[in-house]
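Colleague: I'm new to this one. Please take a close look at the surroundings of the ligand and talk me through them.

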Amino acid sequence: MSVPERLAEVRERIERACARCGREPSSITLIAVTKVFPAAVIREAYDAGLREFGENYVQEFESKAPEVQDLAGARFHLIGHLQSNKAKRAAELFSVIQTVDSPKLVRRLDEAARPLDVMLEVKLSPEQAKSGADPGELPALIGAVRAARNLHLLGLMTMPPWSDDAEVSRPYFRRLHDLAAQLNLPTLSMGMSHDFEVAIEEGATHIRVGTALFGKRTKP
Ligand SMILES: *Cc1c(COP(=O)(O)O)cnc(C)c1O
């Protein structure tokens, strides 16, 4: 199947999920996750109409970035863990860093002196990846981002432990939604190919979709 065909299917899934919970499809930002795929796939997705892209690794995107610089209006989100020693380079390459999880990272990103949108990655259970801030750390992190000159806080991001069953993700999505509501943050990045409908039902504003748009990634 081609990228435009897959995109049409994903858009339909988004529309059906929105219809079930009375939301507008235009309130959902679809982020095309292009990790592992070559720059040509980013271009293909751009030609199909996509403008927001997610990449997991600074180094990988560094090698693709020169080939996609000409894509006007394209925005690149870092959605993988960021080490603070790569913060400066990440700030040069990406428009949005979704995985901010420590005051040190906030400091390093701010020092890069480039305007950046950021989200805070939240770890909601011990089964989740090692990265992410504990919910209790969020108020201090929010304070740090708000005090930073060059950073603009959008909201929260999470990635539930993997399961084939999308319903397993629901309590995590609900928890992230409740945290964002308490903290008065408008943006929620949650939901991937297999569970984005559930994420939409639970209030996602940004969904991160790879496999459903580009097919299976072959592990290097
Ligand atoms: C790879 C990845 C995705 C996309 O996953 P798919 O299952 O391919 O849609 C979304 N978010 C993060 C953080 C990822 O690493």
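Modeller: Sure, one term to start: a polar contact is a pair of N or O atoms within 3.5 Å. With that in hand, a polar side-chain atom of T211 is 2.6 Å from an oxygen atom of the ligand. The side chain of N56 has an N or O atom 2.7 Å from a ligand oxygen, and for R208 a polar side-chain atom lies 2.8 Å from a nitrogen atom of the ligand. Taken alone, the ligand exposes 390 Å², and the protein buries 93% of that (areas by the Shrake-Rupley method with a 1.4 Å probe).

Keep in mind that this is a predicted model, where local features need pLDDT of at least 70 and side-chain atom pairs need 80 or more, while totals for chains, interfaces and linings use all residues. Residues are numbered from 1 along each chain as its sequence is written, and side-chain values use heavy atoms, without hydrogens or water.

Now the wider shell: 13 residues surround the ligand, each with a heavy atom within 4 Å of it. K35, N56, S193, T211 and R217 are the closest. By type, the shell has six nonpolar, four polar and three charged residues; Asp, Glu, Lys and Arg count as charged, Ala, Val, Leu, Ile, Met, Phe, Trp, Tyr, Cys and Pro as nonpolar, and the others, Gly among them, as polar.

As for the location, the ligand sits in the largest pocket, with "sits" meaning that more than half of its atoms lie within 2 Å of the pocket's grid points. A pocket here is an open set of points on a 1 Å grid over the protein atoms alone, where a 1.4 Å probe fits and protein lies on both sides within 12 Å along at least five of seven lines.

Definitions and conventions: A polar contact is a pair of N or O atoms within 3.5 Å; within protein, one must be able to donate a hydrogen and the other to accept it, and residues adjacent in sequence count only if both atoms are side-chain atoms. On a 1 Å grid over the protein atoms alone, a cavity is a set of points where a 1.4 Å probe fits but cannot get out, and a pocket is an open set with protein on both sides within 12 Å along at least five of seven lines; lining residues have an atom within 4 Å of a point.
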